[in-house]
Amino acid sequence: MTRHPEDATPLPTAAPGVQLQPAAYEKLLRALSDSIARLAADEPFERLVVPPVIARATIERAGFAASFPQLLGTVHSYTGSAADWRRLSPLIAEDGPWHARQEISDLVLLPAACYPVYAGLAGQDLRQPVRYSVEAQCFRQEATAETGRLRSFRMAELVTAGTAEHCQEWREHWLRRVADWLDGLGLKPSIELADDPFFGGGRKLYQAAQRAQELKFELRVPVADGLVQAIASANIHKDHFGEVFDFTADGAIGQTACTAFGLDRIALALLHAHGTRPADWPEHISTALKGN
């Protein structure tokens, strides 16, 4: 069947959770990224484009490996000699274990866009709150390939670090602001308290503590028929990252907060709500997306 050039529906690949993105879909992702930038224009965010890999030591230190080892994608590489590889390389044609001699490297695939920011604050004493706008291609080894649960996905985040009071007020502000933004796009999100842990510790114990402290709120909408997923979140991490990366704010352990946008999930939610051709969407939706 001939595909309409304005159809933004992603195409599947041989790898579950990895999709091909047609031009109309990529245009939609760029429009979402630009819309988020306009939303954040009244705060002094420093813009960072984050690479798709990060030091394994940083992710271990941050606590992601302790909380989500099943989601982490590690980078392995061959470290033997050329002579050894000449003996192994014929295995590729034979579907053999050509990778058996590969070893884990100092890199992992980036699981969330914000982690390099916290590591970059190491050793600092913040006299004023800092703010960063980051975007990255991320990876998580999801166990299912349902719509929206991608292994390779685009994430944008707004991140701040400072005092406890600043981070709490900033998170509350951005929770309301993102909900209003999504509502303007016709997505009508529900706001729900999440209980998946950001970092290590006993999972059940930490989930209870996280819910009690209201650390993470998710904004959830349908991304397919009968399937509701979180497409954005507003999070506060207390002093976890300040402690593990040794930075302070006004002399106390620094605190952090972030607002995360799952760009692919937002795009899929918009396609589900308004149709697969963004060029044909109602004018008020297109206007809201363009910020006119």
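Which residues do ring pairs link into a cluster? Here are some notes to read alongside the model, which is a predicted one.

1. **The ring cluster.** To take the opening question straight away: Phe64, Phe68, Tyr115, Tyr118, Phe241 and Phe245 are joined into a cluster by ring pairs. If you would like to colour something in your viewer, these six names are a pleasant place to begin. Across the whole structure, a search turns up ten aromatic pairs.

2. **Phe45 with Trp174.** This aromatic pair is edge-to-face, because the ring planes stand at 70° and the ring centres are 6.3 Å apart. Phe45 belongs to the loop between helix 1 (23-39) and strand 3 (46-49), while Trp174 belongs to helix 7 (residues 164-184), so the pair ties together parts that are 129 residues apart in sequence. Are these two residues buried or exposed? Both Phe45 and Trp174 are buried. Trp174 has another partner worth a look: the charged end of Arg177 sits over the ring of Trp174, 5.0 Å from the ring centre.

3. **Tyr78 with Trp85.** Here is an aromatic pair with another geometry to inspect. The rings of Tyr78 and Trp85 are tilted, with 55° between the planes and 5.2 Å from centre to centre. Tyr78 has a relative accessibility of 21% and counts as partly exposed. Trp85, at 29% relative accessibility, also counts as partly exposed. The cut-off helps when reading the value for Tyr78, because buried means under 20% relative accessible area.

4. **Helix 1 against helix 11.** Two packed helices are described by the angle between their axes and the distance between the axes. For helix 1 and helix 11 (residues 283-290), the axes come within 8 Å and cross at roughly 60°. Helix 1 is therefore oblique to helix 11. On the helix 1 side, the contact uses Leu28, Ala31, Leu32, Ser35 and Arg38, and these meet Ala288, Leu289 and Lys290 of helix 11. By kind, the residues of this contact between helix 1 and helix 11 divide into five nonpolar, one polar and two charged.

5. **Positive phi at Asp246 and Asp250.** Most residues other than glycine have a negative phi, and most peptide bonds are trans. Asp246 has a positive phi, near 60°, and is not a glycine. Asp250 likewise has a positive phi as a residue other than glycine, with a value near 55°. Where do they lie? Asp246 is in the loop between helix 9 (240-244) and strand 13 (248-249), and Asp250 is in the loop between strand 13 and strand 14 (252-253). Asp246 is exposed, at 52% relative accessible area, whereas Asp250 counts as partly exposed at 48% relative accessibility.

6. **The surroundings of Asp246.** What does Asp246 contact, once its neighbours within four places in sequence are left aside? The residues in contact with Asp246 are Ala122, Gly123, Gln124 and Phe241. Phe241 is also one of the members of the ring cluster in point 1. For a sense of distance, the C-alpha atoms of Asp246 and Asp84 are 43 Å apart in space, and the two residues are 162 residues apart in sequence.

7. **Leu71.** This residue is found in the loop between helix 3 (64-67) and strand 5 (74-78). Leu71 counts as buried, with 12% relative accessibility. Beyond the neighbours within four places in sequence, Leu71 is in contact with Phe64, Phe139, Arg140, Gln141 and Glu142. Phe64 will be familiar as one of the residues in the ring cluster. Leu71 and Arg151 are separated by 80 residues in sequence, yet by 8.9 Å in space from C-alpha to C-alpha.

8. **Ala194.** The last stop is the loop between strand 10 (190-193) and helix 8 (203-213), where Ala194 lies. Ala194 is buried, with a relative accessible area of 4%. From the C-alpha atom of Ala194 to that of Ser233 the separation is 9.1 Å, and the two residues are 39 residues apart along the chain.

Conventions:
Residues numbered from 1 in each chain as written. Predicted model: local features only at pLDDT ≥ 70, side-chain atom pairs only at ≥ 80, totals over all residues. Heavy atoms only, no water. Phe/Tyr/Trp six-rings, centres within 6.5 Å; stacked < 30°, edge-to-face > 60°. Helix = DSSP H or I, 4+ residues; strand = E, 2+ residues; numbered from the N terminus. Buried < 20%, exposed > 50% of the residue type's maximum accessible area, 1.4 Å probe, protein only. Lys NZ or Arg CZ within 6 Å of the ring centre and 35° of its normal. Axes fitted to C-alpha atoms, helices over the stretch in contact; angles between N-to-C directions. Parallel < 35°, antiparallel > 145°, perpendicular 65-115°, else oblique. Contact = heavy atoms within 4.5 Å. Nonpolar A, V, L, I, M, F, W, Y, C, P; charged D, E, K, R; others polar.
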